Amino acid sequence: MTTMRQAFVETVNDEIAADPRIAVVTAVISSNEFPQENERVVDVGIREQTMVGVASGLALAGLRPVVHSYAPFLVERPYEQIKLDIGHQDVGAVFVSIGASYDDPAWGRTHQSPGDVALFDTLPGWTVHVPGHPDEVTPLLQQALKDDNRVYLRLSLHANTQAYPVGEGFTTVRHGKRGVVLAVGPMLDRVLKAVDSENADVTVLYAATVRPFDANGLRKAVQNTDHADVMVVEPYLEGTSSHLVSETLQQIPHRIRSTGVKRHAELRNYGTAEDHDAAHDLDVVGLGSAVRSFFRG
Amino acid sequence: MTGDEKHEWAAASTIDVLWVLYDKVLNVTPATADDPDRDRFLLSKGHGPMAYYAVLAEKGFIDESILDDWTSWDSPLGQHPDRVLVRGAEISSGSLGHGLPIAVGTAIGQRIAGSRGRTFVLVGDGELDEGSNHEAIAVAARLKVANLTAIVIDNESAMYGWPGGIARRFAVEGWQTAEIDGRDHEAVFTALTAPHDRPYAVVAKIEKSY
């Protein structure tokens, strides 16, 4: 199966040939995936802050920059440049990361970025996509390249077995009466398995786009259940979207269970992504336990 | 020095270069402030923008009447310039180390567009402490960004100084360089209009006046 990264590269290379507005800025990582002879492909070396500054300048000059690197080097290291050079300058860009929270934990904490979406969440005006399947990457990216806004596209090595339509808010994957589970991106398959394993009578919503947050979609789903109980399963820092669930349901008594990469301590183990999923209760067993305890009664 | 004194010193240090730039060098006016072919001046050293605002006002980019009310609730003029609020300001600045990388991208963008416009960026010697500048210095030379001029106001603000001189930091990466008296308008003009076929750094020395 094509990976999300491959889908990203192929889409950009198709579009850069067709649209003279599009530019690519990299800091070594993935740079050889793009046509080096194209003057709109700029590799700045291992210089991430400059990568974002250069992207800002390209945007100021009228181009549509795609900025790409491994998640911590794209988001955390140049965070102030994202805040000021992109946001405060009021220019647009498409940021595309690989690595996700811990796609390859053998590389240790330096290559893990569970806080990336939370960081973007502190900044106004960003659209955030977390696709759950490679086939969702191309339509999300094609739309982003046409627009002038600020977009973060978070790619992962982990994917669901099937793609869903993107760009129209949350997708209802399954209907139930006991409550709602919102599954973000690659979490959907294991959420469905966990729900099945617990015979939980819940609605399952799927989100490949988390910002803007589809408040209407969530509200309608909750209205069609017997309990305003919402479990959010995100593949990044737990609780990242909890404030938006609360805002959405502020007029009614409700309960929230936030599930994601735990915040309480830095996990210094290496191992595999599956090891880390288990440690964060993001595997089917952990999610099943959360479903069972939260939707009890 | 207090914070306010530092900002006043920053403004006093840049005023001569800013004036020569806008009076004799830059191909930009209020009427052409949105022209893609204009020269672009990026004030990276956003501290102490009083001199910048004064020059913009004198050249008609902003109304002189708003100067006295600066930093008030309703004023578009703050202690650091905001490009969304200030006509003629190419970037919002204040956090150091951002302008030079942005300028590299702007100059590359002009080159891609086939524009005859040039990019000028002003940084301080203290600001050069930020590593992002050195990344940009290196990449500008590697990418042969010849339509870029960096002006370094050297008013000896850097905490630990620059042994061997600032110009050498640029020259070793392949920039053309010049060192001038930042108070000498004729020298500033001559330096800023000198031909160059690679990125160009002009170090403008400002003697401490306190």
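Which residue is the bridge partner of S69(A) in strand 4 of chain A? The sections below answer that and then move on through both chains of this predicted model.

## Paired strands in chain A

The answer is S97(A), which is the bridge partner of S69(A) in strand 4 of chain A. This pair belongs to a wider match: strand 3 and strand 4 of chain A run parallel and are joined by 5 bridges. In general, strands of a sheet pair through backbone hydrogen bonds, either parallel or antiparallel.

Strand 3 of chain A, residues 64-70, has another partner to look at. Strand 1 of chain A, residues 22-26, pairs with strand 3 in the parallel sense, over 5 bridges. Here you can look for A23(A), which stands opposite P65(A) in strand 3. Is strand 3 of chain A mostly covered or uncovered? It is mostly covered, with 7 of its 7 residues buried.

## Two loop residues of chain A

Not every buried residue sits in a strand or a helix. Y102(A) lies in the loop between strand 4 (93-98) and helix 5 of chain A. It counts as buried because it has 30 C-beta neighbours inside 10 Å, and the cut-off for being buried is 20 or more. Leaving aside residues within four places in sequence, Y102(A) is in contact with Q112(A), A273(A) and H276(A). For a sense of distance, try finding I29(A): Y102(A) and I29(A) are 73 residues apart in sequence, and their C-alpha atoms are 17 Å apart in space.

A159(A) is found in the loop between strand 6 (150-154) and strand 7 (171-174) of chain A. Why does A159(A) count as buried? It does so because it has 23 C-beta neighbours inside 10 Å. Not counting residues up to four places away in sequence, A159(A) touches M4(A), G132(A), H133(A), P134(A) and P186(A). The C-alpha atoms of A159(A) and G185(A) are separated by 7.8 Å, although the two residues are 26 places apart along the chain.

## The two domains of chain A

The domain assignment divides chain A into domain 1, residues 4-154, and domain 2, residues 171-294. Their centres, taken over C-alpha atoms, are 26 Å apart. Where the two domains touch, domain 1 gives 23 residues to the contact and domain 2 gives 21.

Which elements supply at least two residues each to the side of domain 1 that touches domain 2? They are helix 5 (116-121), strand 5 (126-129) and helix 6 (134-146) of chain A. Sorted by class, this side of domain 1 has 12 nonpolar, 6 polar and 5 charged residues.

## Where chain A meets chain B

Now for the meeting of the two chains. The contact takes 25 residues from chain A and 22 residues from chain B. On the side of chain A, the elements that give two or more residues are helix 2 (48-60) and helix 4 (79-88). The largest share of that side comes from helix 2 of chain A, with 9 residues. By class, the side of chain A that touches chain B has 9 nonpolar, 10 polar and 6 charged residues.

## The sheet of chain B

Chain B has an open sheet of 5 strands with parallel pairing, in the order 1-2-3-5-4. Its edge strands are strand 1 (40-43) and strand 4 (176-181), each of which pairs on one side only. On average, neighbouring strands of this sheet are turned by 20° against each other, direction ignored.

At one edge, strand 4 of chain B pairs with strand 5 of chain B, residues 200-205, in the parallel sense over 6 bridges. To find one of the matches, start at I180(B): its bridge partner in strand 5 is A204(B). Helix 3 of chain B packs on the sheet, where it touches strand 1, strand 2 (119-124) and strand 3 (148-154). The direction of helix 3 makes about 175° with that of strand 2 of chain B.

## A closer look at helix 3 of chain B

Helix 3 of chain B covers residues 99-113. From its first C-alpha to its last, this helix of 15 residues reaches 20 Å, close to the expected 21 Å. How many of its 15 residues are buried? The number is 12, so helix 3 of chain B is largely enclosed by the rest of the structure. The buried residues include G99(B), L100(B), P101(B) and I102(B). After the helix comes G114(B), whose phi is positive, near 70°.

Conventions: Residues numbered from 1 in each chain as written. Chains lettered and ligands numbered in written order. Predicted model: local features only at pLDDT ≥ 70, side-chain atom pairs only at ≥ 80, totals over all residues. Helix = DSSP H or I, 4+ residues; strand = E, 2+ residues; numbered from the N terminus. Expected span 1.5 Å × (residues − 1). Contact = placed C-beta atoms within 7 Å. Nonpolar A, V, L, I, M, F, W, Y, C, P; charged D, E, K, R; others polar. Domains from an automatic or database assignment. Pairing = 2+ DSSP bridges. Axes fitted to C-alpha atoms, helices over the stretch in contact; angles between N-to-C directions.
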